[in-house]
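I set out to record, entry by entry, what I looked up in this structure. The notes begin with a single residue and widen from there.

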Amino acid sequence: MININNVLYTYIDYNDYNLDERFYDIIVRCPIPNKEAVAVAKIRLDKLLAHSGIGTRKQVKKLIRKGAITVNGRPVGDAGMIIDPSQDEVFIGNDRVNYKEMVYIMMNKPKGVISSTHDPSERTVIDLLPPELIALKPFPVGRLDKDTEGLLLITNDGELAHKLLSPKNEVVKKYYAQIEGLVSEDDVRAFQEGITLENGYKTLPARLEIIRASDISEVYIYLTEGKYHQIKRMFKALGKRVIYLKRVAMGSLTLDNNLKPGEWRELSEDEVISMQQLVT
Ligand code: URA
């Protein structure tokens, strides 16, 4: 599964299906295949420099005017020069500028696809994206089960993904669920106290909110951790069965109601900033 000698970039996954629960918190470095060789979007030189953290657009324009920037070995004076990041070599003095275009996608994951980057036989959430986005090597932040729907953040920002998944940041994930059986205040208390799963693991305190208690109950669940099949296993331990599960929010990000299952959109700048602020 993991070939350390062929690491393309760091991929963080706390919920790998193939891992034992004891290893969930290990950061896994795993190779991401080059799904399709597609050219990365071209970009203006000043934008590339600003997005690489060199400075504001104003500051980088000054640097360019001073002749401090070379592209493919030649000094460049035009801030608007179009750069192909996959071909062109941009330097400040002797230092190569390492540009990586960041992408942040909100997907309404449909049932029937798996939350991973590649799979020999199953369709993945990445397969639902266009080639120009796949070329940026995005990966899902955490996992939803194959039959779970709803909010999935997909990004190539490893640092943000790591922080969002780190248990110490306690990012709240909100789920809507339909449960076979009458959900009661006893269940609410059990969630609050922590539930011992079939393998002996006791879950962290979680909130269960009853929307409608009936033979098919409707609830919201708020979790700060993400163990494999966690909600299904929590209800199973209470003698009940989850028959529908959808994630509706993660931290400050709420699933856009306009997105039908399988649809996605890029996050707005405000959404990205509010997720970043959540974990810094
Ligand atoms: N809990 C589950 O059981 N499944 C999911 O997909 C997410 C949380």
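**Entry 1. Gln230**

I first located Gln230, which is found in helix α6. Helices here are DSSP runs of H or I with at least four residues, strands are runs of E with at least two, and both are numbered from the N terminus. I noted that the model is a predicted one, in which local features need pLDDT of at least 70, side-chain atom pairs count only at pLDDT 80 or more, and totals for chains, interfaces and linings use all residues. Residues are numbered from 1 along each chain as its sequence is written.

Is Gln230 buried or exposed? I found Gln230 buried, because 21 other C-beta atoms lie within 10 Å. The term buried requires 20 or more other C-beta atoms within 10 Å of a residue's own, exposed means 12 or fewer, and partly exposed lies in between, with C-beta atoms placed from the backbone.

I then looked up the contacts of Gln230, leaving out residues up to four places away in sequence, and found Thr203 and Leu223. A contact means that two C-beta atoms, placed from the backbone, lie within 7 Å. Between Gln230 and Thr203 the C-alpha to C-alpha distance is 8.6 Å, with their positions 27 residues apart in sequence.

**Entry 2. The ligand**

Which residues surround the ligand? I listed Leu144, Asp145, Thr148, His229, Gln230, Ile231, Lys232 and Leu245. A residue counts as near the ligand if its C-beta atom, placed from the backbone, lies within 6 Å of it. Helix α6 (residues 230-237) gives the most to this shell, namely three residues.

I sorted the shell by type and obtained three nonpolar, three polar and two charged residues. In this scheme Ala, Val, Leu, Ile, Met, Phe, Trp, Tyr, Cys and Pro are nonpolar, Asp, Glu, Lys and Arg are charged, and the others, Gly among them, are polar.

Why does the ligand lie between two domains? Domain 1 (4-37 + 102-168 + 254-278) and domain 3 (172-250) both give residues to the shell, so the ligand lies between them. The domain bounds come from an automatic or database domain assignment.

**Entry 3. Met107**

I next turned to Met107, whose place is in strand β7. Met107 counts as buried because it has 26 C-beta neighbours inside 10 Å. Beyond residues up to four places away in sequence, Met107 touches Val125, Leu128, Leu152, Ile154 and Trp264. I noted that the C-alpha atoms of Met107 and Trp264 are separated by 4.1 Å, although the two are 157 residues apart along the chain.

**Entry 4. The cores**

In the largest nonpolar core, which has 24 residues, I found that Leu152, Leu153, Ile154 and Leu164 touch the most other members. Such a core is a set of buried Ala, Val, Leu, Ile, Met, Phe, Trp, Tyr and Cys residues joined through C-beta atoms within 7 Å. At least two residues of this core come from each of β7 (104-109), β9 (149-155) and α4 (158-165). Another core, of 16 residues, lies apart from it and includes Tyr175, Ile179, Phe235 and Leu245.

**Entry 5. Strand β9 and its partners**

I checked burial along β9: seven of its seven residues are buried, so β9 is largely enclosed by the rest of the structure. Two strands are said to pair if DSSP finds at least two bridges between them. β7 and β9 run antiparallel and are joined by six bridges; Lys109 has Gly150 in β9 as its bridge partner. Strand β8 (residues 139-140) is also antiparallel to β9, with two bridges, and Phe139 is bridged to Thr155. With strand β13 (residues 241-250), β9 pairs in the parallel sense over two bridges; there the partner of Gly150 is Arg247.

**Entry 6. Strand β10**

I found strand β10 (residues 173-180) joined to strand β12 (residues 216-223) by eight antiparallel bridges, with Tyr176 opposite its bridge partner Tyr220. Eight bridges also join β10 to β13, again antiparallel, and Glu180 has Arg241 as its partner in β13.

**Entry 7. The whole chain**

I closed with the chain totals: there are seven helices and 15 strands. Buried residues make up 29% of the 280 residues.
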